[in-house]
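Visitor: Hey, got a minute to walk me through a structure? I'd like to poke at it with some quick questions.

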Amino acid sequence: MKSAEALKTSDAVQYEGGDYDVIVVGAGHAGSEAALAAARMGNKTLLVTISLEMVAFMPCNPSVGGPAKGIVVREIDALGGEMGHNIDKTYVQMRMLNTGKGPAVRALRAQADKHAYHRQMKLTIEKQPNLTLRQATVDQLIVEDGVCKGVITNTGARYHAKAVVLTVGTAARGKIIIGELQYQSGPNNSKSAVKLSENLEKLGFDLERFKTGTPPRVNGNTIHYDETEEQPGDQEVHHFSFDTPDSHYLSVSDQISCWLTYTNPGTHNLIRANLDRAPMFSGVIKGVGPRYCPSIEDKIVRFADKDRHQVFLEPEGRDTDEWYLDGLSTSMPEEIQQKIVHSVKGLEDAELMRPGYAIEYDVVAPYQLHPTLETKLVKNLYTAGQTNGTSGYEEAAGQGLIAGINAGLRALGKKPFVLKRSDAYIGVMIDDLVTKGTKEPYRLLTSRAEYRLLLRHDNADFRLMAKGHAIGLVSDERYAKMEAKKQQVEAEIARLKSEKLKPNDQAVNNFIQQHGDNPLKDAVTAADFIKRPYVDYQTLLKFIPGPNQDLDRHVIEQVEIQLKYAGYIKKEEQKVERMKRMENKRIPANIDYDQVDGLATEGRQKLEKIRPETLAQASRISGVNPADIAILSVYIRK
Amino acid sequence: MVANTDNDTIVAISTPIGEGGISIIRISGDDAIKVAKKIYHGKDLAKVHTNTINYGHIIDPDTNEEVDEVMVSVMRAPHTYTCEDVVEINCHGGLLATNRILQLVLSYGARMAEPGEFTKRAFLNGRLDLSQSEAVMDLIRAKTDKSMKVALNQLDGNLSHLIRHLRKDILDVLAQVEVNIDYPEYDAVEEMTTKMLKEKAIDIRQRIESLLKTAKQGKVLREGLATAIIGRPNVGKSSLLNSLLHEDKAIVTNVAGTTRDVIEEYVNVDGVPLKLIDTAGIRDTNDTVEKIGVDRSKKALNAADLVLLLIDNSAPLTDEDRELLAATKDKQRIVILNKTDLPDKVDRNELKQLVGQDHLIETSIVNNEGMSQLGQTISHMFFDQGIENSQNNVMVTNARHIGLLHQADDALGDVLKGIKDGMPVDLVQIDMTRCWDLLGEITGDSYQDELLDQLFSQFCLGK
């Protein structure tokens, strides 16, 4: 009994911690963006985190970007967020994916030095005026008459604020599962937040239980790299942020390669033989996991006929030799994990440093949110990131930024900010979440965007920087730089529309014939000529005079894309234009759906649950049929 | 669009076709007056007062030819049935004149209204007051549930099966493209190249186009196969006409026309409904041989799906015969060598050469010889060759389905164009997705905002 006595706990005495404009709870990728945005907009902001060592920590992949996600990073950057800067300062490898495809789906991905990434973000937050970073666990929200007025921490501090943002991630009643082992924990063995979840339930929130997981880490010293395939970074210069100069790009030799290996039938047999110890299948894990990044045991059960799966070996950083085994996410018992790792070519002698694990956590079912990410239930309370059911650092950061902006705008007494589906992937994501909800951790995919060609990573600055500027997150200088780029692009396009290639130009015709095409019959404009698949901007300059001033690669890229794909771009713009009329039809916030005659029962229930803000949003709710929309459309016109 | 504030201009014939002495062609939308103005001679419709009716003529601006004498009503937004600008053209009720005017309106900027679209616009533009709109809501509710069922029932089981099969094939392609994009490094899926996409697109397009062929067939079954009987004077055109009409099985529908209209008559030949064009012209030829002849025959040719070209066996081929043979070369035709009861004067070798692969039948119409062979040939051409690839006897008859199939076909055309232009696979895929969505609207499998339009197809056309 002595030990029980020794572990007895007691609560802190409460005290007044101070007044803020905005409080952000949780300092992961969502919370960091939220707090920085609110503070940069001029709000006195408090960022509370369970552990200062967990600021912008990457408990899973040491990487940022990729398809759709990379575009989100650019969008965050264009709006004035931090993720792009932070990864540009701390990457160990940079690669452009999908280079063989169209401009809309090209995707930049960086391998991050996860420790440097954390330190850099923490430093940025520490240096940010208006922003206080504190370690504490928030146990409770201060809510009066349905309005959130602050938070109470485990250390007894009562902090007051005009708006509160919750970005608590997998800490929310987090539970780690490794085989038969289960324990209360946040990500990477950090503290979990139990009381906050209880408080949210008490306030009436509908919480769901999700699951995610991570693979084991091994000591790189014990990897046989020569048994695997090298995956080096790109030589060609890429950055995420609009502001990062090309001169900062690391040469390939300064980058760290990833390595590719595969599982084999031996691995699969091993897993099959131990499925009874897999929490995924033994019924231990109740939370819903993502289809998008399944555990290895899940892959083997669902794709039984595949005889191998890829495993990417990714470095966790420069000052460590810990390696991440991308593709081997698992919650099997540690003993089995070790055997699984050793069964893979190149990892026969790999020393396990940390086991993989599954983690279950609470999610605020996102139908309870406005598109501003404010909760419908409690005014001035916003949620973002994994708390809203997403997975991924970029998804979290994108929402964190929007939640932070809206909390900041609320504190400033200004109108809220919402991105439409045609504005940004962030808009697509939030609309999906609040309109359709999600049954599993939500990951952005390019196929979720119906205007994919307009939401490119190369035009995020043109799409969003003006909005960031209006909010106050983009400086005049930065905005002017973007405008100048835009003008250069427009001027060069106008020039190419007037420059002509003539049929009597033998050099042009020789070039055309070399590519198996018919020689010119009539003069064509340079703008039309560049549409041919074998022509790019540099080729064009062989046949027409160059511009008055040298154009940088970003301008040339825009000119090429805007001219080459003009037809498709126009088609998508028309699609947006058609949808806009419905986006502009607002449904009154106080609408009583019981008063709308003729709605189908299911439609009425769904509308009541989601309470869409526009007719377009209503039309995207599954279960609301076109007749309901027609009826609603007439009703709101009355 | 769910709420169609997209006031593109629509047109439809709003009176029952082929009945009544007057037809009304209704145009509604932002450009209604502009479109009408282009084909109307009379007062400046842009300047006339609202709710006025104006006398004038419809002319074909291309040829300056007068089409009909008409009264045109102009009603300006918002106090009209649809709350949009509305023009109604009252013309003589003949089928040809009415159709001709409709075609003109269509080619000068309006599009064909979908069934119930005028009412739908009235409804969506808030034209109906509270009680009315509630009534319409009930109606929509009833129509919706019903129309979904009706639409599904209407869909021949085979058709929806075919469409679902098409969609599944497209979805497989799309999914493969998407996986390549969202998981570019994963080796589980073969890279979908535009070359592969091209093969799929061509295959799917062929299947859609053969469905569309059946649509044409369905239209023929409903409206009759437009058939022209041509030939130089005195080859036996009127004998053939009479022979066809005097048979017991003839459906005699004399479509009323004005003096400018051409008489059409319907007969059923071996199960194929023929709409005989310009039978008046044929009858006229007996009286005024000189005036009528090749010129008039050529005119009838333009409107014909099937040509019955008569040649006189009792006289050598004339230049007129050769001219008509040449003029019908690209048409579906049956060449009838008539008057085989009289001595052969036609150079058979020359005739066979001129007829080529087409059908050549010998008849003696006055003796009723060769008529059953003619019937069989028509039936064979129509059912066996005409409905080639009839895909398990699926026939597309619903106008909405046909429209969607056409759009899906166009989308695939864009896919192939994109591939030809060397566009990357993810851009080409944009049009492939569009095709998928469009096909889904036929079976009700995809939720599209445009789907609302389908619900209103239960309303009767024109109102």
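Guide: Sure, here is a chat about cysteines, cores, surface and salt bridges, and keep in mind that this is a predicted model.

Visitor: Cysteines first. How many disulfides over all chains?
Guide: A search of the whole structure finds zero. Take Cys258(A), which is in no disulfide: the nearest cysteine sulfur belongs to Cys60(A) and is 14 Å away.

Visitor: And is Cys258(A) buried or exposed?
Guide: Cys258(A) counts as buried because its relative accessibility is 5%, under the 20% cut-off. Over in chain B, Cys435(B) is buried as well, at 0% relative accessibility.

Visitor: OK, chain B then. How many helices and strands does chain B have?
Guide: Chain B has 15 helices and 13 strands. The chain runs to 463 residues, and 51% of them count as buried.

Visitor: What about contacts along the sequence in chain B?
Guide: Take the contacts between residues at least 6 apart in sequence: 69% of those in chain B join residues at least 24 apart.

Visitor: And the accessible surface of chain B, what does that come to?
Guide: About 20900 Å², with 50% of that belonging to carbon and sulfur atoms.

Visitor: Anything nonpolar sitting out on the surface?
Guide: Yes, Ile53(B), Tyr55(B) and Met71(B) make a nonpolar surface patch of about 300 Å². Met71(B) is in strand β5 of chain B, residues 65-75, and counts as partly exposed at 32% relative accessibility.

Visitor: Now the inside. Which residues touch the most other members of the largest nonpolar core?
Guide: Ile405(A) and Ile426(A), in a core of 72 residues. The element that gives the most to this core is helix α11 of chain A (residues 393-411), with ten residues.

Visitor: What is Ile405(A) in contact with, leaving aside neighbours within four places in sequence?
Guide: Ile405(A) is in contact with Ala37(A), Met41(A), Phe417(A), Ile471(A) and Leu473(A). Apart from that core lies another one, of 47 residues, including Val173(B), Leu211(B), Leu416(B) and Val425(B).

Visitor: Switching to charges. How many salt bridges over all chains?
Guide: The structure holds 60. One of them pairs Arg111(B) with Asp8(B), at 2.7 Å from N to O. Arg111(B) lies in strand β7 (residues 111-112) and Asp8(B) in the segment before β1 (10-13), so this pair ties together parts of chain B that are 103 residues apart in sequence.

Visitor: Are those two buried or partly exposed?
Guide: Arg111(B) is partly exposed at 28% relative accessibility, and Asp8(B) is partly exposed at 28% too.

Visitor: Got any pairs within a helix?
Guide: Lys580(A) and Glu577(A) form a salt bridge, with the closest N and O atoms 3.8 Å apart. Both lie in helix α19 of chain A (residues 566-583), three residues apart, about one turn of the helix. Lys580(A) is partly exposed at 33% relative accessibility, and Glu577(A) is partly exposed at 42%.

Visitor: And in chain B?
Guide: There, Arg322(B) bridges to Asp319(B), with 3.1 Å between the closest N and O atoms. They are about one helical turn apart because they sit three residues from each other in helix α10 of chain B, residues 319-327. Arg322(B) is partly exposed at 29%, whereas Asp319(B) counts as exposed at 60% relative accessibility.

Visitor: Last one: which residues are linked in a network of salt bridges?
Guide: That would be Arg421(A), Asp431(A), Asp432(A), Lys436(A), Glu450(A), Glu583(A) and Arg620(A).

Terms used. Residues are numbered from 1 along each chain as its sequence is written. Chains are lettered from A and ligands numbered from 1 in the order in which they are written. This is a predicted model: local features need pLDDT of at least 70, side-chain atom pairs count only at pLDDT 80 or more; totals for chains, interfaces and linings use all residues. Side-chain values use heavy atoms; hydrogens and water are left out. A disulfide is a pair of cysteine sulfur atoms within 2.5 Å. Buried means under 20% relative accessible area, exposed over 50%, partly exposed in between (1.4 Å probe, protein chains only). Helices (H or I, at least four residues) and strands (E, at least two) are DSSP runs, numbered from the N terminus. Contact means heavy atoms within 4.5 Å. Accessible areas come from the Shrake-Rupley method with a 1.4 Å probe; for residues, only the protein chains shown count as cover. A nonpolar core is a set of buried Ala, Val, Leu, Ile, Met, Phe, Trp, Tyr and Cys residues joined through side-chain atoms within 4.5 Å. Patches are made of residues with over 30% relative accessible area and no salt bridge: like charges are joined within 9 Å, nonpolar side chains (Val, Leu, Ile, Met, Phe, Trp, Tyr) within 5 Å. A salt bridge is a side-chain nitrogen of Lys or Arg within 4 Å of a carboxyl oxygen of Asp or Glu.
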